[in-house]
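Colleague: I would like to learn how to read side-chain contacts in a model, going from one feature to the next. Could we begin with a charged residue and work outwards from there?

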Amino acid sequence: PGEQVSLFGGMYQSGPATSVIKTILNIGTLLVLIQASSWIKNEDVIIRRGEYYVLTLITLLGMYLMTSSGNFLLFFLGLETASLPITALVAMEKYKHDSHEAAAKYVFIAVFSSALMLLGISYLYGIGGTLYFGVSPLLIVGLVFFIAGLGFKLSLVPFHLWTADVYQGAPTSVTAYLSVISKGAAAFTFMMILYKVFGSVECIWQGILYALIILTITIGNLFAIRQQNLKRFLAFSSISQAGYIMLGVISNTGLGLTSLSYYVLVYIFSNLAAFGVISVIENRTGKVNMDDYNGLYKTNPKLSIAMMLAMF
């Protein structure tokens, strides 16, 4: 971690905390790219392997801008840079109906959530006459719209309805990227902006987050139990995990940021291990339902042990 640096009139800010966050995102992205190497060799995808790597790295750049932003304009540019290429990644297997259906759902949700967030930012701009962080917000409306906008990105209940369909339809390596790296970057940025911009109304957003977290953890886990498709199961699992991740945000302390970073780092390894097993079995057999995994230990003990450790 380097020193605290501020560029472009304070629009871009980097310091020890953001360096650690970016390192965690780098580790996760590298693991996703390694996992995708076998899938990308399939004959219907191999012609687009260059696009896959470029689009993934562009989204990572967008996440860098989000986590280092000191201004809502740069934050929004980073958010869109991270979101739009993911739509193309979700539709990478374009000859599969589920893939382009998932991409259509994702892009509509992304547009809607961005519109909500911009509405909230416009209220903040109207109050303070500036887009720089540190404005004292006088309107709770701006806060509510901002939480709603990033709630879609984080899959917090009740903004979670797109998650299972998109995760099921997207290629497994893209689903892994969406569930871990994208969610981690959004959580870090969410925490940073709540601290810097909405610190003066902490008592209000803490109450909102408590309600959202309880709903997210409960509904995510209850709906996960009902799933038969493993990718949908992990989608609802990741919804409940978003609730646990948000617990670190509520504290509004340096310890909260530390615990959030640690949780996301562990979550990267456990979740990518589970998606790695699903990816290997899907590439070899095309099966993703839970019943297809019956007797996995007899046919492939190594994969079954990896999945057991990931779930544990």
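Modeller: Let us start with E101, which counts as partly exposed at 31% relative accessibility. Please keep in mind throughout that this is a predicted model.

Colleague: With which residue does the side chain of E101 meet in a salt bridge?

Modeller: The partner is K105, and the closest approach from N to O is 2.8 Å. Both residues belong to helix α4, which spans residues 97-128, and they stand 4 residues apart, about one turn of the helix. K105 is also partly exposed, with a relative accessible area of 30%.

Colleague: Which other side chain meets K105 in a salt bridge?

Modeller: K105 also meets D165, at 3.1 Å from N to O. This pair links distant parts of the chain, since K105 sits in helix α4 whereas D165 sits in helix α6 (residues 163-169), 60 residues apart. D165 counts as partly exposed, at 29% relative accessibility.

Colleague: And where does R232 come in, as a salt-bridge partner of D165?

Modeller: The closest N and O atoms of R232 and D165 are 2.9 Å apart, and here too distant parts of the chain are linked, with R232 in helix α9 and D165 in helix α6, 67 residues apart. Through shared partners, the salt bridges join E101, K105, D165 and R232 into one network. A search of the whole structure finds 3 salt bridges.

Colleague: How should I read aromatic rings, and how many aromatic pairs does the structure hold?

Modeller: In general, a pair of aromatic rings is described by the distance of the centres and the angle of the planes. This structure holds 13 aromatic pairs. In one of them, F75 and F146 lie 6.0 Å apart from centre to centre with 50° between the planes, and the pair is tilted. F75 is in helix α3 (residues 72-90) and F146 in helix α5 (residues 140-154), so the pair ties together parts that are 71 residues apart in sequence.

Colleague: Is F75 buried or exposed, and is F146 buried or exposed?

Modeller: F75 is buried, with a relative accessible area of 0%, and F146 is buried, likewise with a value of 0%. For a stacked case, consider F223 and F236, whose ring centres are 5.6 Å apart and whose planes meet at 20°, so the pair is stacked. F223 lies in helix α8 (residues 202-225) and F236 in helix α9 (residues 230-250), so this pair ties together parts that are 13 residues apart in sequence. F223 counts as partly exposed at 33% relative accessibility, whereas F236 counts as buried at 7%.

Colleague: Which residues form one aromatic cluster?

Modeller: The cluster is formed by F72, F75, F146, F190 and F198. A ring can also have a charge over its face, as with K22, which lies over Y64 at 5.4 Å from the ring centre.

Colleague: Which residues form a nonpolar patch on the surface?

Modeller: Y297, I305, M308 and L309 form such a patch, with about 450 Å² of accessible area together. Helix α12 (residues 301-311) gives the most to the patch, with 3 residues. I305 has its place in helix α12 and counts as partly exposed at 40% relative accessibility.

Colleague: How many helices and strands does the protein chain have?

Modeller: The chain has 12 helices and 2 strands, and 52% of its 312 residues count as buried.

Note on methods. Residues are numbered from 1 along each chain as its sequence is written. This is a predicted model: local features need pLDDT of at least 70, side-chain atom pairs count only at pLDDT 80 or more; totals for chains, interfaces and linings use all residues. Side-chain values use heavy atoms; hydrogens and water are left out. Rings of Phe, Tyr and Trp (its six-membered ring) pair if their centres lie within 6.5 Å; planes under 30 degrees apart count as stacked, over 60 as edge-to-face and the rest as tilted. Buried means under 20% relative accessible area, exposed over 50%, partly exposed in between (1.4 Å probe, protein chains only). A charge sits over a ring if NZ of Lys or CZ of Arg is within 6 Å of the ring centre and within 35 degrees of the ring normal. Patches are made of residues with over 30% relative accessible area and no salt bridge: like charges are joined within 9 Å, nonpolar side chains (Val, Leu, Ile, Met, Phe, Trp, Tyr) within 5 Å. Accessible areas come from the Shrake-Rupley method with a 1.4 Å probe; for residues, only the protein chains shown count as cover. A salt bridge is a side-chain nitrogen of Lys or Arg within 4 Å of a carboxyl oxygen of Asp or Glu.
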